[in-house]
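Thank you all for coming; I would like to walk you slowly through one structure this morning. Please keep the display open in front of you while I talk.

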Amino acid sequence: MDRNKLLQEVQNDTEIWDFIIIGGGATGLGTAVEAASRGYKTLLLEQHDFAKGTSSRSTKLVHGGVRYLQQGNVALVLEALRERGLLRQNAPHLVKNQSFIVPNYEWWEGPFYGIGLKIYDKLAGKLGLGPSKNLSREETLDYIPTLEPDDLNGGVIYYDAQFDDARLAINLMQTIFDHDGVALNYMKVTDLLKANGLVSGVKIEDQKGDHNMEIQGRVVINATGMFTDEIRQMDNPQAKRLMKPSQGVHVVLDKSFQPGESAIMVPRTDDGRVLFAVPWHDRIIVGTTDTPLEEPSLEPRAQEEEIEFLLTHAARYLTKDPEPEDVLSVFAGIRPLVSPEGDDDTASISRDHTLLIDPSGLVTITGGKWTTYRKMAEDTVNEAAVVAGLDERESVTQNLRLHGWLKNTDAAEPYELYGSDALSLKKIAEENDGWGEPIHSNLPYTPAEVVWAARNEMALTVEDVLSRRTRALLLDARASIEMAEPVANLLAKELGRNEEWQQQQVEEYTELAKGYLLTG
Ligand SMILES: Cc1cc2nc3c(=O)[nH]c(=O)nc-3n(C[C@H](O)[C@H](O)[C@H](O)COP(=O)(O)OP(=O)(O)OC[C@H]3O[C@@H](n4cnc5c(N)ncnc54)[C@H](O)[C@@H]3O)c2cc1C
């Protein structure tokens, strides 16, 4: 994938696009896959890298949402459970079954959560991943040996799914190309074009070069997450703010804090939230928080109280108390929540999605969650095709295998996450001396992956590689800083960059990654 060549092609293309989609997170990428797979001429534009926003900063769960069941939102749970099943089927190399243990410290918790989770099983029906079950104290400790044993009565086990969010985003981007669409990173939409009061295209600024352009489309989709209001205000400066951003923070710990395969789910923390401690790529992710924010940001930072909250709660449920120096990485993401007028309590705002069509024809899709991206995309393309005056075509994504689809990943080792691309990666590793060896002893990532990311996954910077093509930044921020130099060197050779570029990349990356560390 040669970005410059692609840009040239887009610039020279005089035929109008059917769909222009702004935003390269779960929502925009999903919408572009939906449109391209129906045969519409589709262009997606992302201002930074794919999944730079919220879509690389989730809890990594493909879930029905036990919490929404608590809130009585059965329709949302049903929809999400169905989508969980479809995603499991369409991206089996990235979506895995995950067992969760709800530890019971009060006498009433076993029967209470046991019954709730039986309802969850029932709602999943045939798409269920395994039946929930009440566990004795001993069984609970067998699953999670490091669970705090004092006053533990037992637990409930249930099943959901887990995935790698940024890897799925990259595979969605590749699926767009597989269906003759185009997706470009580092292309920022700076204005909307209009004809007779209707949105007719976008003005774009190339963030990595000088391919600035104006592009015409039959319909423009605003899928910019927390930045939704900015695009709507390009259309109508008087448009009322819709978004109520809320931040969620995770801390990442070494696996020794919670060995084994199971996750912990705490249905109700002191302030009424759900807390997860989930094994992921040989680490434990603990999260999350729900802190209202005034302004959106592509690099949100955890607040001290949020870290304190997570460490205190982790200490309450684990035998070993994590200290700030045990935190391998801390990352924050912003929920694109749509506010019902005057609602300040972000924890209670619906996680359902919102689809809006402005009088100018601008289509906005926001809210929702990763798990339901496909359904959001299907609804959006159905509506947008009408707005654009395009012939209506049936959705095919329910059974569409995503790029990398591979059911049995045993042969793909150690590159299972790449699914069907793993064989090509192995070939690169075998043909080049040392390219199959980890770059850093704390992380599994090899030079072959860096080179693959540059050649096939549109990675343009050290951050693209270490944060979203591999997950080094989230798994061990300090080790990732130590990887920056060799990664910059490999990238420079692939992208034809000089020494000065390499140095600047290392400096920029180091500065960014320091923000993921708690201690100096
Ligand atoms: C802490 C946290 C945990 C979560 N955990 C889960 C979970 O476990 N499971 C789950 O299903 N969901 C989860 N979610 C929800 C899920 O992550 C989000 O709903 C989803 O990622 C939102 O995707 P998006 O594409 O709408 O937004 P984003 O990922 O933010 O994408 C929007 C994109 O638009 C781009 N953009 C903005 N302005 C412009 C412009 N002018 N030009 C071009 N591009 C632009 C941005 O750069 C950005 O990349 C979680 C969310 C948070 C915050």
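Is Ser246 buried or exposed in this predicted model? Ser246 counts as buried, because its relative accessibility is 0%, and the cut-off for that word is under 20%. If you look for the residue along the chain, you will find Ser246 in strand β11, which covers residues 246–254. Its side chain does have a polar partner, since the side chain of Ser246 makes a polar contact with the side chain of Asp290, at 2.5 Å.

Strand β11 also brings us to the ligand, for β11 is one of the elements that each supply at least two residues of the shell around the ligand, together with α2 (26–37), β8 (187–195) and β16 (329–335). There are 37 residues around the ligand, and those that come nearest are Thr27, Glu46, Ser55, Leu61 and Thr371. Sorted by class, this shell has 19 polar residues, 12 nonpolar residues and 6 charged ones.

Let me turn to individual atom pairs at the ligand. For Glu46, a polar side-chain atom lies 2.7 Å from an oxygen atom of the ligand, and for Thr371, too, a polar side-chain atom lies 2.7 Å from a ligand oxygen atom. With Trp370 the backbone takes part, as one of its polar backbone atoms is 3.1 Å from an oxygen atom of the ligand. How much of the ligand's area does the protein bury? The ligand taken alone exposes 1000 Å², and the protein buries 97% of that.

I now move from the ligand to empty space, and I would ask you to keep pockets and cavities apart as we go. Rolling a probe the size of a water molecule over the atoms shows where empty space is left.

Consider the second largest pocket, which holds about 930 Å³ of space. Its lining comprises 35 residues, and nearest the centre of this pocket lie Trp280, His281, Asp282, Glu416 and Leu417. Strands β4 (96–104) and β13 (275–280) each give at least two residues to that lining, and the largest share, 4 residues, comes from β4. By class, the lining of this pocket has 13 charged, 12 nonpolar and 10 polar residues.

How many cavities of 30 Å³ or more does the structure hold? There are 2 of them. In the largest cavity there is about 110 Å³ of space, and of the 14 residues that line it, Asn90, Tyr373, Arg374, Thr397 and Leu402 lie nearest the centre. Helix α2, which we met at the ligand shell, supplies at least two residues of this cavity's lining, as do α4 (74–90) and α10 (373–388), with the largest share, 4 residues, coming from α4. The lining of the largest cavity divides into 7 nonpolar, 4 polar and 3 charged residues.

The second largest cavity has a volume of about 70 Å³, and among the residues that line it are Ile264, Val266, Leu275, Phe276, Val286 and His313. Two or more residues of this lining come from each of β12 (263–266), β13 and α9 (304–317), so please note that β13, which also contributes to the second largest pocket, appears here as well. As for class, the lining of the second largest cavity has 9 nonpolar residues, 1 polar residue and no charged ones.

That is where I will stop, and I am happy to go back to any part of the display.

Technical notes: Residues are numbered from 1 along each chain as its sequence is written. This is a predicted model: local features need pLDDT of at least 70, side-chain atom pairs count only at pLDDT 80 or more; totals for chains, interfaces and linings use all residues. Side-chain values use heavy atoms; hydrogens and water are left out. On a 1 Å grid over the protein atoms alone, a cavity is a set of points where a 1.4 Å probe fits but cannot get out, and a pocket is an open set with protein on both sides within 12 Å along at least five of seven lines; lining residues have an atom within 4 Å of a point. Grid points are joined across faces, edges and corners, and a volume is the space filled by probe spheres set on the points. Ala, Val, Leu, Ile, Met, Phe, Trp, Tyr, Cys and Pro count as nonpolar, Asp, Glu, Lys and Arg as charged, and the others, Gly among them, as polar. Buried means under 20% relative accessible area, exposed over 50%, partly exposed in between (1.4 Å probe, protein chains only). A polar contact is a pair of N or O atoms within 3.5 Å; within protein, one must be able to donate a hydrogen and the other to accept it, and residues adjacent in sequence count only if both atoms are side-chain atoms. A residue is near a molecule or strand if one of its heavy atoms lies within 4 Å of it. Accessible areas come from the Shrake-Rupley method with a 1.4 Å probe; for residues, only the protein chains shown count as cover.
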